[in-house]
Amino acid sequence: MAFSLIDSIDGSEDCEGGSRLGYWGLILWTLIIIYLFVGLYVLCEIYFVPILISISKRLNMSEDVAGATLMAAGSSAPELFTALIGVLFYANENPGPSTNC
C-alpha cells in the first residue's frame with residue numbers, strides 16, 4: 001500500500017468512511033486549489049510567456065502563429081514526454097491513461 005497524503009489528512013483508504021475534517025475539509029481543499037492555481041499563473045507569467053516571446057522573435061513568427069504553435073507545443077510537452085517514458089521504459093505495463101489493452 002502506497003503512502004497517500006490525502007488519505008492521511010482527510011479520508012479513509014476504502015472511501016467508505018466520512019471525511020475526518022468535515023466541512024472544514026472543503027475549505028482546506030479549496031484554499032489548496034486556489035494556492036496551486038495562483039502558483040501556476042505566476043509560473044506561466046514569469047517563465048513560460050517570456051520564453052515564448054523570445055522564441056517567436058528569433059524565428060520571426062507573427063504573434064498569432066507563435067501563440068497557436070508554441071503555446072500548443074509548450075503546454076503538451078509534459079504529456080508527450082511522460083507518454084514516451086512510459087512506452088520506452090515500461091512497455092510491459094500500462095504506460096498511461098486510455099491504454100488498457
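**Exercise 1. Find where confidence is lowest and where it is highest in the chain.**

Step 1. Compare the helices. Confidence bottoms out in helix H1 (residues 5-10), at a mean of 68, and peaks in H2, at 88. The score is pLDDT, the predictor's confidence in each residue, from 0 to 100.

Step 2. Take the chain as a whole. Its average pLDDT is 78, and 75% of the residues score at least 70.

Step 3. Apply the caution. Where pLDDT is low, predicted coordinates should not be read in detail.

This is a predicted model: local features need pLDDT of at least 70, side-chain atom pairs count only at pLDDT 80 or more, and totals for chains, interfaces and linings use all residues. Numbering starts from 1 along each chain as its sequence is written, and side-chain values use heavy atoms, without hydrogens and water.

**Exercise 2. Describe the fold pattern of the chain.**

Step 1. Count elements. The chain has three helices and zero strands. Helices (H or I, at least four residues) and strands (E, at least two) are DSSP runs, numbered from the N terminus.

Step 2. Read along the sequence. The pattern is α-α-α.

**Exercise 3. State what share of the chain is buried.**

Step 1. Set the cut-off. Buried means under 20% relative accessible area, with a 1.4 Å probe and protein chains only.

Step 2. Apply it. Of the 101 residues, 9% count as buried.

Step 3. Add the surface. The chain exposes about 8800 Å² by the Shrake-Rupley method with a 1.4 Å probe. Carbon and sulfur atoms supply 68% of that area.

How values were computed:
Buried < 20%, exposed > 50% of the residue type's maximum accessible area, 1.4 Å probe, protein only.
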